[in-house]
Amino acid sequence: MANPTSHATRFKEERLAALMRWLVPIQAAVTRKHDYADPTLLYVDGMAGAGVNHFGEESFDGSPLVMLEALDALSVGGTLGTARSHLVAIERDYRQWLELSVNVARHAGYLHSASVTGQLEVSFPVRGCVGEGLHKVFSERLRRNGGRVIYGLVFLDPTNPGDLVSAIDAVADVVNHRRARLDVALWTSTTQWKRVSKSQPDHPSLSDIMGKLGRSRWLTSDVPKIPRCCDNSNAFQWQMFVGTKGDFDGWSKAGFHDTESPTGRRLLAMALKTRKEYQPPPEGQYELLHLR
Ligand SMILES: C[S@@+](CC[C@H](N)C(=O)[O-])C[C@H]1O[C@@H](n2cnc3c(N)ncnc32)[C@H](O)[C@@H]1O
């Protein structure tokens with residue numbers, strides 16, 4: 001029988017690829033315009049997993065390979081002009097990291113396009129916690145670039161809320177650094193956050209985490225629809241959020257909604273509130289949600 005988790009995971013990888021195709025050219029254009037910007041964009045997959053998703057007989061690319069392919073295709077296609085990009089995958093678990101290292105090396109070898117021309121740098125995967133890994137990569141880049149502002153994206157994909165809660169302060173320190181213009185993409189099960197808040201009232205909520213990341217605008221994806229065949233009362237609700245301080249638009253091309261728009265507000269309310277708390281507003285009216 002088809003697996004509800006594999007549907008959600010495929011949705012995640014598709015959204016991530018679409019996000020990269022939309023966001024990276026915008027970030028590249030901004031860095032080309034400003035001397036204070038580092039011309040090498042930084043993309044960090046902070047909870048990278050093994051690089052390949054396995055669900056029974058099926059297997060498909062995981063987030064680090066999705067990001068690698070998107071950066072390679074954009075560079076080779078000339079969309080990034082003179083901008084370059086640098087991809088770093090970070091993974092805490094030793095076995096996952098080993099498999100990730102093999103998968104990234106093999107995949108980068110197959111592509112051997114943008115990395116050969118120097119437009120794309122792919123680091124050997126970092127083994128460790130995302131907070132420390134990100135801090136190390138970022139400070140190293142600042143040291144090399146003479147203090148220029150670093151643009152890019154950090155992708156966070158925790159297995160459970162606790163993984164993100166324990167890393168959030170260190171991640172927030174980097175993305176809120178005065179020399180960072182790093183957007184944040186977060187894929188998470190909103191059901192897990194609601195369950196943990198119910199059983200542990202002092203546990204940080206998803207909106208606390210979004211507040212710590214200090215973005216001025218949040219976008220949200222739709223919620224993946226699990227086909228009827230796989231419907232399962234234990235299926236979690238999953239969603240991707242993108243936080244930015246950038247002043248740009250066009251995210252609907254990548255399948256996202258601004259959380260200030262009517263649809264985005266409804267999706268955010270459904271993500272943050274339990275079914276009991278969530279009262280759909282009368283048609284045409286949407287309640288305001290305050291993240292901070
Ligand atoms: C859901 S999996 C990642 C899947 C992957 N992003 C993908 O789409 O293919 C989450 C991974 O995060 C790793 N992880 C959890 N907490 C972490 C942390 N604080 N730092 C780095 N990795 C972490 C786990 O070991 C696990 O492999």
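The face of helix H3 that is turned away from its buried side carries the exposed residues Arg 95, Arg 106, Gly 109 and Tyr 110. Here a residue is called buried if 20 or more other C-beta atoms lie within 10 Å of its own, exposed if 12 or fewer do, and partly exposed in between, with the C-beta atoms placed from the backbone. This is a predicted model, in which local features need pLDDT of at least 70 and side-chain atom pairs count only at pLDDT 80 or more, while totals for chains, interfaces and linings use all residues. Residues are numbered from 1 along each chain as its sequence is written. Helices (H or I, at least four residues) and strands (E, at least two) are DSSP runs, numbered from the N terminus.

On its other side, H3 has the buried residues Trp 97, Leu 100, Asn 103, Val 104 and Ala 108. Seen down the axis of H3, these buried residues fall within an arc of 130°, so they line one face of the helix; the arc is that of the directions from the helix axis to the C-beta atoms. They pack against E2, helix H2 (63–76), E4, helix H4 (114–117), strand E5 (120–122) and E6, where contact requires C-beta atoms, placed from the backbone, within 7 Å.

Helix H5 can be described in a similar way. Its buried residues are Val 130, Gly 133, Leu 134, Val 137 and Phe 138. Viewed down the axis of H5, they fall within an arc of 120°, so they line one face of the helix. The face turned away from them carries the exposed residues Glu 140 and Arg 143, whereas Glu 132, also found in H5, is partly exposed, with 15 other C-beta atoms within 10 Å. Among the elements that the buried residues of H5 pack against are strand E1 (40–45), strand E7 (150–156) and helix H6 (161–175). Just after H5, Gly 146 takes a positive phi of about 70°.

The table sets out the spans of the two helices, the expected span being 1.5 Å times one less than the number of residues.

| Helix | Residues | Expected span | Distance between end C-alpha atoms |
|---|---|---|---|
| H3 | 94–111 (18 residues) | 26 Å | 26 Å |
| H5 | 130–145 (16 residues) | 22 Å | 22 Å |

Strands E2 (residues 52–55) and E3 (residues 58–61) run antiparallel and are joined by 4 bridges, and two strands pair if DSSP finds at least two bridges between them. Asn 53 has Phe 60 in E3 as its bridge partner. The two strands form a hairpin with 2 residues between them, and Gly 56 in the turn has a positive phi of about 60°.

Notes:
Contact = placed C-beta atoms within 7 Å.
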